[in-house]
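Work through the following exercises with the sequence and the model open beside you, and attempt each task before reading its solution.

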Amino acid sequence: MAAPIRTLCCSALRLNSRHFSSTCGVQAGQKWRLEHGLSRSGTEYGPLTDLPDWSFEDGRPAPPLKGQLRRRQEKEVLARRIVMLTSEVDRGMEVWKEKQEEAKRMEEHKKSLLLKPKGKLLIKKTQS
């Protein structure tokens with residue numbers, strides 16, 4: 001009796017096999033949103049995520065939610081990093097300009113140490 005039930009179950013599984021998909025359904029429309037200058041998903045930024053869900057009847061704002069506090073902190077950290085990296089680039093540009101000016105001064109100093117034309121060459125040089 002066990003053998004016919006087993007063959008019946010195996011044949012039923014073979015007929016009703018389902019395919020397994022590993023793609024993520026959440027990414028639907030991601031390409032379109034990026035092409036149109038929007039966020040990757042609808043929950044990254046915008047009025048639905050940045051504004052409070054509710055407010056008091058007398059107009060007072062609701063206390064910020066955990067997600068809002070987290071996003072605010074992430075934005076602050078990103079802003080601080082941007083300022084730090086921008087100041088590093090500015091300092092690097094200043095150092096590079098100073099090195100270029102120093103190299104130019106050294107080149108002018110080397111030219112001033114070269115022998116000067118004398119005699120007929122000096123006269124020809126001043127006339128032309």
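**Exercise 1. Classify Glu 74 by its accessibility, and then find its salt-bridge partner.**

Solution. Glu 74 has a relative accessible area of 46% and is therefore partly exposed, where buried means under 20%, exposed over 50% and partly exposed in between, with a 1.4 Å probe and protein chains only. Before going further, note that this is a predicted model, in which local features need pLDDT of at least 70 and side-chain atom pairs count only at pLDDT 80 or more, while totals for chains, interfaces and linings use all residues. Residues are numbered from 1 along each chain as its sequence is written, and side-chain values use heavy atoms, with hydrogens and water left out. The next step is the partner: the side chain of Glu 74 meets that of Arg 70 in a salt bridge at 3.4 Å, N to O, the term standing for a side-chain nitrogen of Lys or Arg within 4 Å of a carboxyl oxygen of Asp or Glu. Arg 70 is partly exposed as well, with a relative accessible area of 44%. Because Glu 74 and Arg 70 are four residues apart in helix H4, about one helical turn separates them; helices here are DSSP runs of H or I with at least four residues, and strands are runs of E with at least two, numbered from the N terminus.

**Exercise 2. State how many salt bridges the structure holds, and describe the ones not yet treated.**

Solution. The structure holds three salt bridges. One of them joins the side chains of Glu 102 and Arg 105 at 2.9 Å, N to O, and these residues lie three apart in helix H4, so that about one helical turn separates them. Glu 102 is partly exposed at 37%, and Arg 105 is partly exposed at 46%. Another links the side chains of Asp 58 and Arg 60 at 3.1 Å, N to O; Asp 58 counts as exposed, with 57% relative accessibility, whereas Arg 60 is partly exposed at 46%.

**Exercise 3. Determine over which ring the charged end of Arg 60 sits, and describe the aromatic pair to which that ring belongs.**

Solution. The charged end of Arg 60 sits over the ring of Phe 56, 4.2 Å from its centre; the criterion is that NZ of Lys or CZ of Arg is within 6 Å of the ring centre and within 35 degrees of the ring normal. Turning to ring pairs, the count comes to one aromatic pair. The rings of Trp 54 and Phe 56 have centres 5.1 Å apart and planes at 85°, so this pair is edge-to-face, given that rings of Phe, Tyr and Trp (its six-membered ring) pair if their centres lie within 6.5 Å, with planes under 30 degrees apart counted as stacked, over 60 as edge-to-face and the rest as tilted. Trp 54 is partly exposed at 44%, and Phe 56 is partly exposed at 32%.

**Exercise 4. Decide whether Gln 68 is buried or exposed, and list the residues that it touches.**

Solution. Gln 68 lies in helix H4 and is buried, with a relative accessible area of 11%. Leaving aside residues up to four places away in sequence, Gln 68 touches Thr 49, Asp 50, Leu 51 and Pro 52, a contact being heavy atoms within 4.5 Å. For the protein as a whole, buried residues make up 6% of the 128 residues.

**Exercise 5. Summarise the secondary structure of the protein.**

Solution. The protein has five helices and zero strands, which follow the pattern α-α-α-α-α along the sequence. Helix H4 spans residues 66-113.
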